[in-house]
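Grab a pencil and work through a few exercises on the fold shown here. Try each task yourself before you read its solution.

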Amino acid sequence: MVELKTEESINEMRAPGRVVAQALAAVRQAARVGVSLQELDAVAREVLAGAGASSPFLGYRPHFAPVPFPGVICASVNDAIVHGVPDGYRLRDGDLVSIDCGAKLGGWVGDAAVSFTVGSPRPADVRLIETAEAALAAGIAAARPGNRIGDIAHAIGTVCRSAGYGIMEDFGGHGVGRTMHEDPGVPNEGRPGRGMQLRPGMVLAIEPMLIAGGTDHYRCDGDGDGWTLRTVDGTRAAHTEHTIAITTEGPRILTAL
């Protein structure tokens, strides 16, 4: 069931959204060669604690996970697409890093992700990240009353496919509210004019997940963490995300600084 939020509720959701944005900005600033993923997780924890927010990631255990998630961020490096566990890996020059973060504050949740490079960027990685950001922007622009879920999906998919990238199968965006994952699902590829109609008060996490090699397939990490999902061809991936509210004036980004 899709919960339509009131204008007051949407205004309240701006608080956890702002915390997420601050955490992502702090993590990005701290991400340098030699810094571990655990240290980046500690940076995000400090931001959340300073705001009086909790993490919807920490301890989260969906049906596919063998253990609860151990961090407040997902830290996915290079060929890791999503759900990377923040472990002792130390960043290296040229790494492509995707950080996903959530916050819960005042009973509401915010969820967002950003991709960036550490040290000297590879031109191919820059193009991949820029395309992921463009796909996110296209999806957000399509999130207007009267449009449909398929319009968001089509906008995202068109940008990704036109650039020759793959789109991670089985995963996409979702509703956000009192919990991190609510109805409806928001695919990253679809047919325009199809699916649920968008209405003011809907709050969605829109999140393109691009694979540089052009395949849509993924595999679970063989190191046994049970969480990290990687490209099957070893190529790099990028992940961007914002929580947005659909309003009569158009989409409102709740996880911007």
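The exercises below go from a sheet to its helices and then to two side chains, and the model they use is a predicted one.

**Exercise 1. Work out the order of the strands in the open sheet, and say which strands stand at the edges.**

Solution. Start with the order: three strands make up this open sheet, arranged 1-3-4, and they pair in the antiparallel sense. Next, look for strands with a single partner: strand 1 (73-77) and strand 4 fit, so they stand at the edges, and one side of each has no neighbour in the sheet. Finally, check the twist: neighbouring strands here are turned by 10° against each other on average, ignoring direction.

**Exercise 2. Find how many bridges join strand 3 to strand 1 and to strand 4.**

Solution. Take strand 1 to begin with: strand 3 (residues 96-105) pairs with strand 1 over five bridges, antiparallel. Two pairs to look up on screen are Ile 73 with Cys 101 and Ser 76 with Ser 98. Now turn to strand 4: here you should get 10 bridges to strand 3, again with the strands running antiparallel. Gly 102, for instance, sits opposite Asp 111 of strand 4. To finish, follow the chain from strand 3 into strand 4: the two make a hairpin with two residues between them, and Gly 106 in the turn has a positive phi of about 65°.

**Exercise 3. Is strand 3 mostly covered or mostly open, and which strands does helix 3 lie across?**

Solution. Count buried residues in strand 3: you should reach eight of its 10, so call the strand mostly covered, taking buried as under 20% relative accessible area. Then look at the helices. Helix 1 packs on the sheet, where it touches strand 3 and strand 4, and its direction makes about 30° with that of strand 4. Helix 3 (residues 123-141) also lies across strand 3 and strand 4, but its angle to strand 4 is about 155°.

**Exercise 4. Check whether the end-to-end distance of helix 1 agrees with its number of residues.**

Solution. Helix 1 covers residues 7-30, which gives 24 residues. At 1.5 Å a residue, the span should be 34 Å. The end C-alpha atoms are 35 Å apart, so the two values agree. While you're there, find the kink of about 25° at Ala 15, shortly before the proline Pro 16.

**Exercise 5. Are Ser 115 and Thr 240 buried or exposed, and what do their side chains pair with?**

Solution. Begin with Ser 115, which belongs to strand 4 (residues 108-117). Its relative accessibility is 1%, so it's buried. Its side chain makes a polar contact of 2.6 Å with the side chain of Ser 98, and a polar atom of that Ser 115 side chain lies 2.9 Å from the backbone nitrogen of His 239.

Thr 240 comes next, in the loop between strand 12 (237-239) and strand 13 (242-247). With a relative accessible area of 2%, Thr 240 is buried as well. A polar atom of its side chain is 3.1 Å from the backbone oxygen of Ala 132.

Last step: link the two residues. Thr 240 touches Ser 115, and its other contacts include Glu 133 and Leu 136. From the other end, Ser 115 has Thr 240 among its contacts, along with Glu 133 and Ile 129.

Definitions and conventions:
Residues numbered from 1 in each chain as written. Predicted model: local features only at pLDDT ≥ 70, side-chain atom pairs only at ≥ 80, totals over all residues. Heavy atoms only, no water. Helix = DSSP H or I, 4+ residues; strand = E, 2+ residues; numbered from the N terminus. Buried < 20%, exposed > 50% of the residue type's maximum accessible area, 1.4 Å probe, protein only. Polar contact = N/O pair within 3.5 Å; in protein donor to acceptor, adjacent residues only side chain to side chain. Contact = heavy atoms within 4.5 Å. Expected span 1.5 Å × (residues − 1). Bend = angle between axes of the 7 residues up to and from the residue. Pairing = 2+ DSSP bridges. Axes fitted to C-alpha atoms, helices over the stretch in contact; angles between N-to-C directions. Lists of a residue's contacts leave out its neighbours within four places in sequence.
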